[in-house]
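Work through the exercises below with the model open. Try each task before you read its solution.

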Amino acid sequence: MKVIFIDDRDVNPVAIIPKIGEIVTVEGSSYIYPNNYYIKEYPFGKDGIRQSIKKHRFIPLSDIDETELVKERESELV
């Protein structure tokens, strides 16, 4: 799922986060912190540990699975 980053206040100092307005890809919800997302483009913090970012810092762009759209368009080209 694609989301847009909207809030960078009070972030953990070892986190590497998107810039405000950046569109990123959610890989899933954190297993340890269910209210956090794993972000494909930012998998690890400055400390080298797997990071997750709070869900409320993002707005979903759509409910459509973009990978399905890509597969559909590729099949139309063949």
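The exercises go from the overall fold to single residues.

This is a predicted model: local features need pLDDT of at least 70, side-chain atom pairs count only at pLDDT 80 or more, and totals for chains, interfaces and linings use all residues. Residues are numbered from 1 along each chain as its sequence is written, and side-chain values use heavy atoms, with hydrogens and water left out.

**Exercise 1. Describe the fold.**

Step 1. Count the elements. The protein has one helix and five strands. These are DSSP runs, numbered from the N terminus: H or I of at least four residues for a helix, E of at least two for a strand.

Step 2. Read along the sequence. The pattern is β-β-β-β-β-α.

Step 3. Check burial. Of the 78 residues, 24% count as buried. Buried means under 20% relative accessible area, exposed over 50%, and partly exposed in between (1.4 Å probe, protein chains only).

**Exercise 2. Find the largest nonpolar core and the elements that supply it.**

Step 1. Apply the definition. A nonpolar core is a set of buried Ala, Val, Leu, Ile, Met, Phe, Trp, Tyr and Cys residues joined through side-chain atoms within 4.5 Å.

Step 2. List the members. The largest core has nine residues: V3, F5, V24, V26, Y37, I39, Y42, I53 and F58. Strands β1 (2–5), β2 (23–29) and β3 (36–39) each give two or more of them.

Step 3. Follow one member. Beyond its neighbours within four places in sequence, V3 is in contact (heavy atoms within 4.5 Å) with residues including V24, V26 and F58.

**Exercise 3. Place T25 and find its side-chain partner.**

Step 1. T25 lies in strand β2. Its relative accessibility is 17%, so T25 counts as buried.

Step 2. The side chains of T25 and K2 make a polar contact of 2.9 Å. Such a contact is a pair of N or O atoms within 3.5 Å; within protein, one must be able to donate a hydrogen and the other to accept it, and residues adjacent in sequence count only if both atoms are side-chain atoms.

**Exercise 4. Compare the settings of S30 and Q51.**

Step 1. S30 is in the loop between β2 and β3. Q51 is in the loop between β3 and β4 (53–54).

Step 2. S30 is buried at 7% relative accessibility. Q51 is buried too, with a relative accessible area of 9%.

Step 3. Look for polar partners. A polar side-chain atom of S30 lies 3.3 Å from the backbone nitrogen of I32. The side chain of Q51 reaches the backbone oxygen of I16 at 2.6 Å.

Step 4. Bridge the two. They sit 21 residues apart along the chain, and their C-alpha atoms are separated by 8.7 Å.

**Exercise 5. Characterise the largest pocket.**

Step 1. The largest pocket holds about 450 Å³ of space. Of its 19 lining residues, N12, Y33, N36, Q51 and S52 are the closest to its centre.

Step 2. Strands β3 and β4 each give two or more residues to the lining.

**Exercise 6. Which residue that is not a glycine has a positive phi of about 50°?**

Step 1. Recall the rule. Most residues other than glycine have a negative phi.

Step 2. The residue is D10. D10 is found in the loop between β1 and β2. With a relative accessible area of 78%, D10 is exposed.

Methods: On a 1 Å grid over the protein atoms alone, a cavity is a set of points where a 1.4 Å probe fits but cannot get out, and a pocket is an open set with protein on both sides within 12 Å along at least five of seven lines; lining residues have an atom within 4 Å of a point. Grid points are joined across faces, edges and corners, and a volume is the space filled by probe spheres set on the points.
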